[in-house]
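Please read the following points with the structure open beside you, and take them in order. They are written as a colleague's note for someone meeting this chain for the first time.

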Amino acid sequence: MKISYLIVLMLLISITSCNKKDDQSLIPAELQSQFEVMLDSEMTKYVQKYPSYPGGVALQVLVKGEPYFMASHFDEAVNSGFHFRAASNTKTFTAAAVLLLHQQGKLNIDHLLTDTIPGTDQLYLPNTAAYAIPYKDEIKIVDVLRHRAGIFDVTNDVIPDTVSADVPYKGQYYLEYVMEQRPDYTFTPEELISVAATTSLSYFEPGTDYHYSNTGYSVLARIIERVSGLSYQDFIVQHIVLPMGLTSTAVPVLGNDQQMPEPFFPGYVFAANEVVDVTESNISGNVAEGNIITTPRDLSVFIRKLLRGEGPLSSSTVNSLMMNVIPSNTTTNYAYGCGLTLTNGLGYGHNGAHEGYLSLMTYDPENDISIVVVTNTWNLSNDMASLFEQLGGLLVDVAYKARSIVKEGS
């Protein structure tokens, strides 16, 4: 069953957090104990409702840099070094890379996609048919970072039957169409961009609205490569992963690179009392927007260091650009910046959804609290309703309750 990751992302909504109850600071052992009791309680309630649920939930919290890890209902003992697919949390890595190049003066996020790369005679995107997406000469790089460019999302949306282009994948999801024939096929960002160009699909004129777009981040991957002279994978590893000490984070890009590094949380899809192991996955169609594999420990360190200005970006770049979030519309509290969302009561971060894995990372810069929550199962036993409940009623609730424990003990 195809699930729109756009719908999943939009579930990061505001939920009221608890009030402070005393002035007594909790010692680390007390915090750890309270986290464990809370997580076990939440999972006990959840599996009572879904007795055949095959997965568990892991929680990593950094309080002023002090790590706390706990897990509940896994079949084996796990720790903060277990790997999972971070899915759309990858977008924060990609945005950090683009902003690093901006900070270095190697690109300007206010430039149009058709502008020339500073100090060169090269365009940000080639002037070829494969890159001729609608409104290309009106789209700014910052629009793409904020999902305000209107670029059609090739991975999340069906190619309409109504497109005039003579293509064989009308009425289908492009990635599924290709992988049905070649499961280990390697997609490239250029290929996905070319689908949007060939079909002439777009959501709106740039800067006039908000629409989440994985393919927009495929555009950013190509810009990173053309500006830096490195592949997306090499740039992220050399300038983000290694300098930040993320020793358990991988950036797979090949269609046949489908296995998870050891140790890992196995990923499951749970539907109609059937459990399917989906741990192995062709992630090449999600490069720059959802391909990173990481651990609770690494992801919590990443978001904390990044937003404290202790990573590749200066505090000025983080505060003035990355965390400059804009409401998606006038009727919700949902706001998106450059590869970041803002969730009231939790702070800045992102979430991720790739089959078998749901995750949430947040950082509260005011109180120096980083939270990562991961589950290794998609619950589709009640179709989309149960998946929504996982995010809005399990992962987000766990994050808020972990935040409340820290607040009440401070």
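Leaving aside neighbours within four places in sequence, which residues is Ile223 in contact with? The points below take up this question first and then move on to the strands; please keep in mind throughout that this is a predicted model.

1. Ile223 and its surroundings. Once the neighbours within four places in sequence are set aside, Ile223 is in contact with Leu107, Leu113, Tyr124, Leu125 and Ile141. Ile223 also belongs to the largest nonpolar core, which has 95 residues, and it is listed with Leu145, Phe302 and Leu307 as touching the most other members. The greatest contribution to this core comes from H3, which gives eight residues. As general background, nonpolar side chains in soluble globular proteins tend to be buried together.

2. A second core. Apart from the core just described there lies another, made of 39 residues, which include Met38, Leu39, Tyr68 and Ile369. Please keep Ile369 in mind, since this residue returns below as part of strand E12.

3. The packing of two helices. The axes of helix H3 (residues 90–103) and helix H7 (residues 214–228) come within 10 Å of each other, and they cross at roughly 40°. On the H3 side the contact is made by Lys91, Thr94, Ala95, Ala97, Val98 and Leu101, while H7 supplies Asn214, Tyr217, Leu220, Ile224, Val227 and Ser228. Sorted by character, the residues of this contact are eight nonpolar, three polar and one charged. The crossing of H3 past H7 is left-handed.

4. Strand E12. Is strand E12 mostly enclosed or mostly open to the outside? Seven of the seven residues in E12 (residues 369–375) are buried, and therefore the strand is largely enclosed by the rest of the structure. The side chains of Ile369, Ile371, Val373 and Thr375 point one way and those of Ser370, Val372 and Val374 point the other way, yet all of them are buried.

5. One residue of E12 in detail. Val372, which lies in strand E12, has a relative accessibility of 0%, and for this reason it counts as buried. Not counting residues up to four places away in sequence, Val372 touches Ala58, Leu59, Gln60, Pro296, Leu299, Ser300, Leu360 and Met361. Val372 and Leu59 show how the fold can bring together residues from separate parts of the chain, for they are 313 residues apart in sequence but 5.8 Å apart in space, taken from C-alpha to C-alpha.

6. The partners of E12. Strand E1 (residues 57–63) and E12 run antiparallel and are joined by seven bridges; in this pairing Val57 stands opposite Thr375, and Val63 stands opposite Ile369. Strand E11 (residues 357–364) also pairs with E12 in the antiparallel sense, over seven bridges, and here Thr362 has Ile371 as its bridge partner. In the hairpin of E11 and E12, four residues lie between the strands, and Asp368 takes a positive phi near 55°.

7. Strand E1 and its hairpin. E1 is mostly covered, with seven of its seven residues buried. Both of its faces are covered, with Val57, Leu59, Val61 and Val63 on one side and Ala58, Gln60 and Leu62 on the other. E1 pairs with strand E2 (residues 66–72) in the antiparallel sense over seven bridges, and Gln60 stands opposite Phe69 in that pairing. E1 and E2 form a hairpin with two residues between them, and Lys64 in the turn has a positive phi of about 55°.

8. An open sheet of three strands. This sheet has the order E5-E4-E13, and its pairing is mixed. Strand E5 (274–277) and strand E13 (377–379) are the edge strands, each pairing on one side only. Neighbouring strands of the sheet are turned against each other by 20° on average, direction ignored. Strand E4 (residues 268–271) and E13 run parallel and are joined by three bridges, with Trp378 in E13 as the bridge partner of Val269.

9. A residue in a loop. Is Asn273 buried or exposed? This residue is found in the loop between E4 and E5, and because its relative accessibility is 66%, Asn273 counts as exposed. The C-alpha atoms of Asn273 and Pro51 are separated by 9.6 Å, although the two residues are 222 residues apart along the chain.

Key:
Residues are numbered from 1 along each chain as its sequence is written. This is a predicted model: local features need pLDDT of at least 70, side-chain atom pairs count only at pLDDT 80 or more; totals for chains, interfaces and linings use all residues. Side-chain values use heavy atoms; hydrogens and water are left out. Axes are lines fitted to C-alpha atoms, for helices over the stretch in contact, and angles run from 0 to 180 degrees between N-to-C directions. A crossing is left-handed if the near helix is turned anticlockwise from the far one by less than a right angle, and right-handed if clockwise. Contact means heavy atoms within 4.5 Å. Ala, Val, Leu, Ile, Met, Phe, Trp, Tyr, Cys and Pro count as nonpolar, Asp, Glu, Lys and Arg as charged, and the others, Gly among them, as polar. Two strands pair if DSSP finds at least two bridges between them. Buried means under 20% relative accessible area, exposed over 50%, partly exposed in between (1.4 Å probe, protein chains only). A nonpolar core is a set of buried Ala, Val, Leu, Ile, Met, Phe, Trp, Tyr and Cys residues joined through side-chain atoms within 4.5 Å.
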